[in-house]
Amino acid sequence: MDSMRGQGGIQMLLSAEQEAQQIVTAAKNLKTTRLRQAKEEAEIEVANYRSHLEAEYQKSISESSGSSDSTVKRLDKETEEKIQSLKGTASKVSPEIVKMLIKHITTVRT
C-alpha cells in the first residue's frame, strides 16, 4: 500500500512539475512578446521624435535663410547708397583736386 501511495505521490510531483514547466514557458513567451512590443513602441517613439526634430531643424533653416536673404538685400541697398554718396562727394571735389594737381605740376621750383 505504501508503494501505491508512493507512486501516487510521484505522479503528483511529476504532474506538478509539468504544470510548473508550462507556467514558466508561458511566462517566458509573455515576456518575449512584451519585449518585442516594447521595442516596437520605442522605435515608433524614436521615429516620431526624430521627425519632430527634423521639422524644427527645417523650420529654423528656413527662418534663418529668410532673414539672411533680407539681410543681404538690406546690406546691398546700404552699400549702393554709400557708393552713390561717395561718387557725389568725389564729383563735387574733383574740380578742386584737378586744379591743385595742375598747379603743382606746372609750378617749377627754382
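How exposed is Glu78, by relative accessibility? Glu78 comes out at 34%, so it counts as partly exposed. That is one stop on a short tour of this predicted model; the legends below start with the whole chain and then go in closer.

**Figure 1. The whole chain is built around 1 helix and 0 strands.** The helix, α1, covers residues 2–106. Along its principal axes, the C-alpha trace spans about 155 × 35 × 10 Å. For a compact globule of 110 residues you'd expect a radius of gyration near 13 Å, but here the protein chain has 46 Å. Looking for buried residues? They make up 0% of the 110 residues. The chain exposes about 10,500 Å², and carbon and sulfur atoms supply 60% of that area. As for charge, there are 17 positive and 16 negative ones, and the mean positions of these two sets sit 14 Å apart.

**Figure 2. Arg74 and Glu78 pair up in a salt bridge.** Here we're back with the residue from the opening question. The closest N and O atoms of this pair are 3.0 Å apart. Why are the two residues separated by about one helical turn? Because they are 4 residues apart in helix α1. Arg74 has a relative accessibility of 44%, so it counts as partly exposed. Its partner Glu78, at 34%, is partly exposed too. In general, side chains of opposite charge can pair when their charged atoms come close.

**Figure 3. Arg34 and Glu41 form another salt bridge.** Their side chains meet with an N to O distance of 3.8 Å. Arg34 has a relative accessible area of 42%, which means it is partly exposed. Glu41 is partly exposed as well, with a relative accessible area of 45%. How many salt bridges turn up in a search of the whole structure? The search finds 2.

**Figure 4. A nonpolar patch sits on the surface.** Five names to look for: Val93, Ile97, Met100, Leu101 and Ile105. Together they have about 470 Å² of accessible area. Zoom in on Leu101, which lies in helix α1. Leu101 has 46% relative accessibility, so it counts as partly exposed. Val93 is another patch member, and it is found in helix α1. Because its relative accessibility is 34%, Val93 counts as partly exposed.

**Figure 5. From Val93 to Glu19 is a stretch of 109 Å, C-alpha to C-alpha.** The two residues are 74 residues apart in sequence. To place this view, remember that Val93 also belongs to the nonpolar patch.

**Figure 6. Ser64 and His104 have their C-alpha atoms separated by 55 Å.** Along the chain, they are 40 residues apart. Ser64 is found in helix α1. With a relative accessibility of 42%, Ser64 counts as partly exposed.

**Figure 7. Ala26 and Glu56 lie 45 Å apart in space, C-alpha to C-alpha.** In sequence, 30 residues separate them. Where does Ala26 sit? Its place is in helix α1. Ala26 counts as partly exposed, because its relative accessibility is 42%.

Terms used: Residues are numbered from 1 along each chain as its sequence is written. This is a predicted model: local features need pLDDT of at least 70, side-chain atom pairs count only at pLDDT 80 or more; totals for chains, interfaces and linings use all residues. Side-chain values use heavy atoms; hydrogens and water are left out. Patches are made of residues with over 30% relative accessible area and no salt bridge: like charges are joined within 9 Å, nonpolar side chains (Val, Leu, Ile, Met, Phe, Trp, Tyr) within 5 Å. Accessible areas come from the Shrake-Rupley method with a 1.4 Å probe; for residues, only the protein chains shown count as cover. A salt bridge is a side-chain nitrogen of Lys or Arg within 4 Å of a carboxyl oxygen of Asp or Glu. Buried means under 20% relative accessible area, exposed over 50%, partly exposed in between (1.4 Å probe, protein chains only). The radius of gyration is taken over C-alpha atoms; the globule rule is 2.2 Å times the number of residues to the power 0.38. Lys and Arg count as positive and Asp and Glu as negative; His and the chain ends are not counted. The place of a charge is taken as NZ of Lys, CZ of Arg, CG of Asp or CD of Glu.
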